[in-house]
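This report looks at selected side-chain contacts and at the setting of one helix. The sequence and structure come before the discussion.

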Amino acid sequence: MVRLETKIMGINPFWISALLTAAFLIVCATGGDNVNWGYLGFEVLFPFYMAIAVGEWCPTRTDRMFDVISAQGKSLFLWIVRRFLLLFVTVTSFAVVGILGTSIITKTACIGELLLTFLPTAFFLSSVCIFISLLSSVPHIPTMAVGVIWLFSIMSMSLLRFRPMQYLYLFIRFAGIDNAIWILNKLVLLLIGIVLWLCVFLVCQKRLWVK
C-alpha cells in the first residue's frame, strides 16, 4: 500500500521540496545576518509549505476514489493516516536537510531547537488541512483556509502583548519570544493537532462529512 501511495503521490513533492530547500539555503548563505534564518525558514516558511503539500498532494474528499474507499476499504481513517504520514515524512526529510544546512551556514542555529519549532507548527497546520479536506469536497479549500490562518498569524504579531496569545501564536520563536513559554506554545499546537486527528477519526467513523 505504501508503494501504491508513493506512485499516486508522484515525483512532484520530491523535486519541489528539493528545489525549495536548495533555494532557501542559497538565500540563507547570501542574505546576511540581519534575519534569523533558522526561525524564518523552519517556523514560518517550511510549515506553511508542509500544509500546502498536504492540501494539494494528500487529497481525501477530492480523491476520485474516495467514495469507493469509504464504502469498501477496511479503514478510511488508516488510509488517510498512511497517505498523510508518507507526505509528512517526505517533506520533513528535506526540512531536516535544510536545518542541517542552516546550522552549518549560520553557525548559530541549534538543530534540536529548530526541529522543536518546525515539527509542532508543521503538524498543526497540516492537521488543520486534513480536517478541512475531509469536510469539504471543493478542491484547494483546505490550502486556502490554512493560508488565511498563516497570513493572519504573520499580521497579528502585535497581539503577543496579550499573554494568552503567546500560547497560541504560530511563530513564537520568530517573534523573538525566547523564554520557556515557547515550549508550552509548541506543546499547545501539538495538542490541538492531536485533537484535530481525533475529530478526523470521529468523522471517519460516523461518516459526518458534508455532502
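## Ser-133 and its surroundings

Ser-133 has a relative accessible area of 8%, under the 20% limit, and so counts as buried. The model is a predicted one. Ser-133 belongs to helix H6. Its side chain makes a polar contact of 3.0 Å with the side chain of Thr-60. When neighbours within four places in sequence are set aside, the residues in contact with Ser-133 are Thr-60, Arg-61 and Pro-142.

Helix H6 also holds Gly-112. Gly-112 is partly exposed, with a relative accessible area of 37%. Its C-alpha atom is separated by 24 Å from that of Ser-153, and the two residues are 41 residues apart along the chain.

## Helix H9

Helix H9 covers residues 181-206, which makes 26 residues. At 1.5 Å a residue the expected span is 38 Å, and the end C-alpha atoms are 37 Å apart, so the two values agree. Just after H9, Arg-207 has a positive phi of about 55°.

Which residues of H9 are buried? They are Ile-181, Trp-182, Asn-185, Lys-186, Leu-189, Gly-193, Leu-196, Trp-197, Val-200, Val-203 and Cys-204. The cover over the buried residues of H9 includes helix H3 (37-57), helix H5 (76-106), helix H6 (111-135) and helix H8 (163-166).

## Salt bridges

The structure holds two salt bridges. The table gives the partners and the distance between the closest N and O atoms.

| Basic residue | Acidic residue | Closest N and O atoms |
|---|---|---|
| Lys-186 | Glu-43 | 2.6 Å |
| Arg-173 | Glu-113 | 2.3 Å |

In the salt bridge of Lys-186 with Glu-43, Lys-186 lies in helix H9 and Glu-43 in helix H3, so the pair ties together parts that are 143 residues apart in sequence. Both Lys-186 and Glu-43 are buried.

In the salt bridge of Arg-173 with Glu-113, Arg-173 lies in the loop between H8 and H9 and Glu-113 in helix H6, so this pair ties together parts that are 60 residues apart in sequence. Arg-173 has 9% relative accessibility and therefore counts as buried. Arg-173 also lies over the face of Trp-182, at 4.9 Å from the ring centre. Trp-182 is itself one of the buried residues of H9.

## Aromatic pairs

A pair of aromatic rings is described by the distance of the centres and the angle of the planes. With a limit of 6.5 Å between ring centres, the count comes to eleven aromatic pairs. One of them is formed by Phe-24 and Phe-42, which meet edge-to-face at 5.4 Å centre to centre with 80° between the planes. Phe-24 lies in helix H2 (residues 12-30) and Phe-42 in helix H3, so the pair ties together parts that are 18 residues apart in sequence. Phe-24 is buried, with a relative accessible area of 7%. Phe-42, at 0% relative accessibility, also counts as buried.

How are the rings of Phe-48 and Trp-150 arranged? Their centres are 4.4 Å apart and their planes at 15°, and because this angle is under 30 degrees the pair is stacked. The pair links distant parts of the chain, with Phe-48 in helix H3 and Trp-150 in helix H7 (residues 141-155), 102 residues apart. Both Phe-48 and Trp-150 are buried.

Ring pairs also link Phe-77, Phe-84, Phe-88, Trp-197 and Phe-201 into a cluster. Among these, Trp-197 is a buried residue of H9.

## Thr-90 in helix H5

Helix H5, part of the cover over H9, is also the place of Thr-90. Is Thr-90 buried or exposed? At 9% relative accessibility, Thr-90 counts as buried. The side chain of Thr-90 reaches the backbone oxygen of Leu-86 at 2.7 Å. Leaving aside neighbours within four places in sequence, the contacts of Thr-90 are with Met-9 and Phe-14.

How values were computed:
Residues numbered from 1 in each chain as written. Predicted model: local features only at pLDDT ≥ 70, side-chain atom pairs only at ≥ 80, totals over all residues. Heavy atoms only, no water. Helix = DSSP H or I, 4+ residues; strand = E, 2+ residues; numbered from the N terminus. Expected span 1.5 Å × (residues − 1). Buried < 20%, exposed > 50% of the residue type's maximum accessible area, 1.4 Å probe, protein only. Contact = heavy atoms within 4.5 Å. Polar contact = N/O pair within 3.5 Å; in protein donor to acceptor, adjacent residues only side chain to side chain. Phe/Tyr/Trp six-rings, centres within 6.5 Å; stacked < 30°, edge-to-face > 60°. Lys NZ or Arg CZ within 6 Å of the ring centre and 35° of its normal. Salt bridge = Lys/Arg side-chain N within 4 Å of Asp/Glu carboxyl O.
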